[in-house]
Amino acid sequence: ITTSLTNDTPKGLLQSVFMMLGIHFALRGRKEHYLLTIDQFSIEHDDTNQRMRLRYHDVGRSKTDQGGLLHMNVKAKDDAFAYATNDQDCPVALWQTFLSHRPPSAAP
C-alpha cells in the first residue's frame, strides 16, 4: 500500500490526498470524498499563531445514507483541523502540493 501513496505521480498524489482526508477528517466512503469542494478547505495558523493547520469546513452533507442528514435536522459537524507535522506525512504540506498541481481552470 505504501508504494501507491506517493507524491511522485499524479495517481499517487491523489491517492495520498484521498487517504489523508479520510483519516484526518473522518470521511466515510467515496461519496463524501466525491462531494468535497476546494472551498471547504483552508490553510491557516492555529489560535496561538505557532502552528499551521488545514481546516475542513463540513457543510452538512455528511451521511452515507441517501438523503443525508438534512431531513433529520442534524447540525453539521464542527470544523475539523489537521495540524502540520513537518515530516514526510505532513497533511498541510500534502495539501499544498496537491493545490500546486491543480489546474487553475479546475472547478471549485
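Reader: What joins β1 to β2, and how do you know that they count as a pair?

Author: Five bridges join β1 to β2, and the two strands run antiparallel. Two strands pair if there are at least two bridges between them. With five bridges, β1 and β2 therefore count as a pair. Keep in mind that this is a predicted model.

Reader: Which residues stand opposite each other there, starting with F41?

Author: F41 stands opposite Y56 in β2. I43, in turn, has L54 in β2 opposite to it.

Reader: What makes β2 and β3 a pair?

Author: The reasoning is alike. Four bridges join β2 to β3, and the cut-off is at least two bridges, so this is a pair too. These strands also run antiparallel. You can find Y56 here again, opposite A80 in β3.

Reader: How are the three strands ordered in the open sheet?

Author: The order is β1-β2-β3, with antiparallel pairing.

Reader: Why are β1 and β3 said to stand at the edges?

Author: β1 (41-45) and β3 (80-83) each have a single partner strand, so one side of each is left without a neighbour in the sheet. As for how the strands lie, neighbours in this sheet are turned by 30° against each other on average, with direction ignored.

Reader: Where does the sheet come in the pattern of the whole chain?

Author: Reading along the sequence, you meet α-α-β-β-β-α. That fits the count of three helices and three strands in the chain.

Reader: What is special about the phi of N49?

Author: Phi of N49 is near 65°, which is a positive value in a residue other than glycine. You will find N49 in the loop between β1 and β2. This loop belongs to the hairpin of β1 and β2, which has six residues between the strands.

Reader: Why is N49 called exposed?

Author: Its relative accessible area is 55%. Exposed means over 50%, so N49 passes the cut-off.

Reader: Where does N86 lie, and what is its phi?

Author: N86 lies in the loop between β3 and α3. Its phi is positive, about 55°, although N86 is not a glycine. At a relative accessible area of 74%, N86 is exposed, because the cut-off is over 50%.

Reader: Is A26 buried, exposed or partly exposed, and why?

Author: A26 has 49% relative accessibility. Buried would need under 20%, and exposed would need over 50%. The value of A26 falls in between, so A26 counts as partly exposed. A26 sits in the loop between α1 and α2 (30-34). The C-alpha atoms of A26 and A80 are separated by 9.3 Å, while these residues are 54 residues apart along the chain.

Reader: How much of the chain is buried?

Author: Buried residues make up 30% of the 108 residues in the chain. To be in that group, a residue must have under 20% relative accessible area.

Reader: What makes a group of residues a nonpolar core, and which members of the largest one touch the most others?

Author: The members are buried nonpolar residues joined through side-chain atoms within 4.5 Å. The largest core here has 17 residues, and V17, L21, F25, F41, L54 and W95 touch the most other members. The elements that give two or more residues to this core are α1 (10-25), β2 (52-56) and α3 (91-101). The largest share, five residues, comes from α1. As a wider picture, nonpolar side chains tend to be buried together in soluble globular proteins.

Reader: What lines the largest pocket?

Author: The largest pocket has a volume of about 400 Å³. Its lining has 14 residues, of which L5, S16, Q88, D89 and L94 lie nearest its centre. α1 gives the most to this lining, with five residues. By kind, the lining residues divide into seven nonpolar, six polar and one charged.

Reader: And what kinds of residue line the second largest pocket?

Author: Eleven are nonpolar, two polar and one charged. This pocket holds about 300 Å³ of space. L14, L21, H33, L36 and F98 lie nearest its centre, among 14 lining residues. The elements giving two or more residues to the lining are α1, α2 and α3, and α1 gives the most, with four.

Definitions and conventions:
Residues are numbered from 1 along each chain as its sequence is written. This is a predicted model: local features need pLDDT of at least 70, side-chain atom pairs count only at pLDDT 80 or more; totals for chains, interfaces and linings use all residues. Side-chain values use heavy atoms; hydrogens and water are left out. Buried means under 20% relative accessible area, exposed over 50%, partly exposed in between (1.4 Å probe, protein chains only). On a 1 Å grid over the protein atoms alone, a cavity is a set of points where a 1.4 Å probe fits but cannot get out, and a pocket is an open set with protein on both sides within 12 Å along at least five of seven lines; lining residues have an atom within 4 Å of a point. Grid points are joined across faces, edges and corners, and a volume is the space filled by probe spheres set on the points. Ala, Val, Leu, Ile, Met, Phe, Trp, Tyr, Cys and Pro count as nonpolar, Asp, Glu, Lys and Arg as charged, and the others, Gly among them, as polar. Axes are lines fitted to C-alpha atoms, for helices over the stretch in contact, and angles run from 0 to 180 degrees between N-to-C directions.
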